[in-house]
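Hi everyone, thanks for making room for me today. Please have a look at the model on the screen, and I'll talk you through it.

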Amino acid sequence: MDNLQIFFLAIIQGLTEFLPISSSAHLILPSAILGWTDQGLAFDVAVHVGSLTAVLWYFRHDVQQVVVHWCQSVTGGKATPESRLGWLLILATIPAGLAGLLLGDFIESQLRSIAVIATTTILFGLLLGVSDFWGRRVKTLHQITWHSALLIGLAQALALVPGTSRSGITMTAALALGFTRESAARFSFLMAIPVIILSGGYKCAQLMQLPQVPWSDIVLGAVLSCMAAYLCIRVFLIWITRIGMMPFVIYRLLLGALLIAILVNS
């Protein structure tokens with residue numbers, strides 16, 4: 001990958017990782033339009049590191065409180081809302097972790113086609129719109145239950161299918177369960193931390209087996225994706241209560257239509 005390719009793909013990945021619009025759908029467009037080859041393992045590691053750094057930095061105070069209180073609860077301390085949130089995040093991560101271990105190779109080899117991505121981009125975009133329109137939007141983050149966390153975690157497992165959007169499907173589930181837009185977004189972003197750690201750790205282990213590691217590409221990709229992801233999180237949380245999900249729903253429908261057009265004309 002040359003620097004121009006790294007720049008564009010890292011910015012795209014960073015911006016779309018946390019928006020409910022599917023990063024995989026966007027990463028396929030440069031390949032289809034410009035003829036770029038697959039970004040490769042090193043790029044995957046770079047953007048995972050960048051996205052993780054961005055979400056950890058933005059939620060650093062929340063993460064610190066959750067980790068400290070969770071550790072105290074494990075060692076016999078009293079339960080607190082923060083320690084409870086830590087347990088709920090672990091619970092919500094289990095379905096995606098198991099699905100990745102059992103179905104990851106099949107999904108990677110069989111479901112990365114333009115047809116699949118176009119279909120899921122449109123389908124789950126419509127579901128996001130329905131959940132945002134019909135959801136009661138009254139529950140806050142501290143009102144999340146074990147049942148709700150598990151259901152949102154099961155929804156997150158669906159995001160292994162390209163085009164679904166991890167943030168999109170988890171926000172869809174949270175909105176359907178009656179959570180406010182901001183609470184749905186914050187829980188979705190916090191859920192991303194353990195998932196990115198697990199996925200990024202696995203890819204790092206694969207990367208270490210390569211004879212040569214392009215560290216300069218990794219550093220550049222990580223920095224760019226981190227900056228884009230941090231900006232995305234910050235702006236999204238500020239504006240989500242005002243604009244709602246409908247702009248993202250419309251965008252997904254247009255994106256899906258574009259992918260179908262590319263598929264028909266290819």
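I'll begin with the whole protein, then move on to some helices and one residue.

One thing to keep in mind: this is a predicted model. So what is the protein built from? It has 11 helices and zero strands. If you read along the sequence, the pattern is simply α-α-α-α-α-α-α-α-α-α-α. The radius of gyration is 18 Å, close to the 18 Å that the globule rule gives for 266 residues, so the protein is as compact as a globular protein of that length. Along its principal axes, the C-alpha trace spans about 55 × 45 × 35 Å. And how much of it is buried? Of the 266 residues, 48% count as buried.

Now let's go to helix 1, which covers residues 3-17. This helix has 15 residues, and from its first C-alpha to its last it reaches 21 Å, close to the 21 Å expected at 1.5 Å a residue. Which of its residues are buried? They are Gln-5, Ile-6, Leu-9, Ala-10, Gln-13, Gly-14, Thr-16 and Glu-17.

Next, two pairs of helices. The first pair I'd like to show you is helix 6, residues 114-134, and helix 11, residues 246-265. Their axes are 8 Å apart, and they pack at an angle of about 160 degrees. Angles over 145 degrees count as roughly antiparallel, and helix 6 and helix 11 are therefore roughly antiparallel to each other. Their crossing is left-handed. What kinds of residues make up this contact? There are 17 nonpolar, five polar and two charged ones.

The other pair is helix 9, residues 181-207, with helix 10, residues 215-243. Here the axes come within 10 Å and cross at roughly 165 degrees. That makes helix 9 roughly antiparallel to helix 10. Which hand does this crossing have, left or right? Helix 9 passes helix 10 in a right-handed crossing.

Let me finish with a single residue, Leu-29, which you can find in helix 2, residues 23-34. Is Leu-29 buried or exposed? Buried means under 20% relative accessible area, so Leu-29, at 13% relative accessibility, counts as buried. Now find Ile-262 as well. Leu-29 and Ile-262 are 233 residues apart in sequence, while in space they are 9.0 Å apart, C-alpha to C-alpha.

That's my tour, and I'm happy to take questions.

Note on methods
Residues are numbered from 1 along each chain as its sequence is written. This is a predicted model: local features need pLDDT of at least 70, side-chain atom pairs count only at pLDDT 80 or more; totals for chains, interfaces and linings use all residues. Side-chain values use heavy atoms; hydrogens and water are left out. Axes are lines fitted to C-alpha atoms, for helices over the stretch in contact, and angles run from 0 to 180 degrees between N-to-C directions. Helices (H or I, at least four residues) and strands (E, at least two) are DSSP runs, numbered from the N terminus. Angles under 35 degrees count as roughly parallel, over 145 as roughly antiparallel, 65 to 115 as roughly perpendicular and the rest as oblique. A crossing is left-handed if the near helix is turned anticlockwise from the far one by less than a right angle, and right-handed if clockwise. Ala, Val, Leu, Ile, Met, Phe, Trp, Tyr, Cys and Pro count as nonpolar, Asp, Glu, Lys and Arg as charged, and the others, Gly among them, as polar. The expected span of a helix is 1.5 Å times one less than its number of residues. Buried means under 20% relative accessible area, exposed over 50%, partly exposed in between (1.4 Å probe, protein chains only). The radius of gyration is taken over C-alpha atoms; the globule rule is 2.2 Å times the number of residues to the power 0.38.
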